Each structure stands twice: as structure tokens, then as C-alpha cells.
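Trainee: I should like to work through this model and its side-chain pairings. May we proceed question by question?

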Amino acid sequence: MRNCKSKIFLVLVTVFLLLFSVPTAYGEEAKEKNVIYFNVPVTGDYAWGNYDVVYCHIWEDGGDEFFSWQTTKEKCTRVKGDLWKYDLDVLDESRRTKGGIESGVKYAVIFSDNLGDQTYDLYFTSECIGDTVECGENTRDNPIDAQKKCLVANWVNNHFDPVEYKKIPSEPQEATIFTHPNEENSGDTLSQDMSITIIIILSAVILLLLILLIIKVLKDKKAKLKK
């Protein structure tokens, strides 16, 4: 009887490891291999305030954006202090621009927070993977709203110029490439949430079936012992 309980315990531990531990460890390891970093500006006249969330908006130069402005898939992860990172592997899930970051293709990036602060548009290529974006004291007019200022961003270990536009509007207008800043219910976000929900439900069902099976085995064994 004691050996039977030990085997059951080992089965349960194995199930938990397979369902939770392994996917989590794999995901964290993969994220470190394909990221870009951003040092949030916390000093100077245009320092970012008490922000809670940092976003990374990327689009192909002359092409479409990967995700809508400040949606869930654009959220960065805090590394420590005011240093954040963005997992470029997430771009592979885009339904608009396929293939993620490709070698030889020029892209542009904007980092922003949940309080309306943002960097000025900055070019980059796959050579910048693993590099960090920092801001100095220089500013430029927001390409969408010239009445707002953006800190000019630069790569620490690579040199790429800020994005140049033919004309900056004198009055606020809707962006031609961005959508509403608070759009959180895109098709990509909904699909991700549904996938996570399905995985959780299936895991719970499997665990429940194992528990019921164990209970049945124990009852049958107890009944045999009584006989």
C-alpha cells in the first residue's frame, strides 16, 4: 500500500513539472536570445514620470507595423530599475508583417509609456539585436503632433539615424500608421488569451482525471484488502 502511494505521488509530481515547469523555463531562456533593451530616461526636463508600463512599437521602413500601438504584444519586461527589454520573438505572431526581424531589412522603433511619453522614431536593423536604446537631452517634434516633444533616442553600440519625415503637421492629426493608443482588444491579443485559457482548462481536466483515477485505484485496492 505504501509503495502504491509513493508511485502515485511521483506521477503527480511529474505531471506538474510537465504542465508548468518545463514550458516556463523554456520561454525565459528563449526570450534572452532575441531582445532589445531600453533605458527609460529619468533625468532632465523631459524625464519620464511615474510610469508603470513600457511599450515597444516596431514597423518595417516603408511598410506596415507589426502590432497596433500599445497593445499587449508590445509590452516590455522590466530587467531591473529603469532598464527594460522587448522580446523580438513576439513579432513572429504578427498577422500584418510576417517573418519577424529579417537580416538586411530596415525597421523603425518607438518606446513609450502609459503616461503619454515616447521616444522619437529610430531606425534599426537586425544588427541591433541585443543592443540598448538610450536618450540624451535632445528633443524633436512628435511626427504626429508637432505641439508635443519626443526625446531623441540612440543605440548604444550601433549608429542609426532618427526617422526623417517630409513634413511634420502643424496641428494634431491622426497617425497614418498607428491606431488608437488604448486599443487592447486586437485579434492578436484575443487569440493569445484564448490559447492560454484553453491550455489552463485542458491542464485542469487532465489533473482532475488523474486524481479521480487515483481515488478509484485506492478504493479498489482497499476493497480487495477487506475481502
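**Salt bridges and other contacts**

Mentor: Let us begin with one pair: Glu164 and Arg140 form a salt bridge, with 3.1 Å between the closest N and O atoms. Please keep in mind that the model is predicted.

Trainee: How many residues apart in sequence are the parts that Glu164 and Arg140 tie together?

Mentor: Glu164 belongs to the loop between β8 (149-155) and α2, whereas Arg140 sits in strand β7 (residues 132-141). The salt bridge therefore ties together parts of the chain whose separation in sequence is 24 residues.

Trainee: Is Glu164 buried or exposed?

Mentor: A residue counts as exposed when its relative accessible area is over 50%. Glu164 has a relative accessible area of 53%, so Glu164 is exposed.

Trainee: Which residue forms a salt bridge with Glu65?

Mentor: Glu65 is in the loop between β2 (54-60) and β3 (77-80), and its partner is in the loop between β4 (83-87) and β5, 31 residues apart. Glu65 is buried, at 2% relative accessible area, while the partner is partly exposed, at 37%. The closest N and O atoms of the pair are 2.6 Å apart, and the partner is Arg96.

Trainee: Is Lys73, which forms a salt bridge with Glu93, buried or exposed?

Mentor: The pair links the loop between β2 and β3, which holds Lys73, to the loop between β4 and β5, which holds Glu93. Glu93 is partly exposed, with a relative accessible area of 40%. For Lys73 the relative accessibility is 7%, and because buried means under 20%, Lys73 counts as buried.

Trainee: How many disulfides does the structure hold?

Mentor: A disulfide requires two cysteine sulfur atoms within 2.5 Å. For Cys76, the closest cysteine sulfur is that of Cys56, at 5.1 Å, which is too far for a bond. The number of disulfides in the structure is zero.

Trainee: Which residues have a backbone nitrogen that lies 2.9 Å or 3.1 Å from a polar atom of the side chain of Asn114?

Mentor: Asn114 lies in the loop between β5 (107-113) and β6 (122-124). Leaving aside neighbours within four places in sequence, its contacts include Tyr51 and Tyr55. The C-alpha atoms of Asn114 and Tyr51 are separated by 6.2 Å, although these residues are 63 residues apart along the chain. The backbone nitrogen at 2.9 Å belongs to Asp52, and the one at 3.1 Å belongs to Val53.

How values were computed
Residues are numbered from 1 along each chain as its sequence is written. This is a predicted model: local features need pLDDT of at least 70, side-chain atom pairs count only at pLDDT 80 or more; totals for chains, interfaces and linings use all residues. Side-chain values use heavy atoms; hydrogens and water are left out. Helices (H or I, at least four residues) and strands (E, at least two) are DSSP runs, numbered from the N terminus. Contact means heavy atoms within 4.5 Å. A polar contact is a pair of N or O atoms within 3.5 Å; within protein, one must be able to donate a hydrogen and the other to accept it, and residues adjacent in sequence count only if both atoms are side-chain atoms. A salt bridge is a side-chain nitrogen of Lys or Arg within 4 Å of a carboxyl oxygen of Asp or Glu. Buried means under 20% relative accessible area, exposed over 50%, partly exposed in between (1.4 Å probe, protein chains only).
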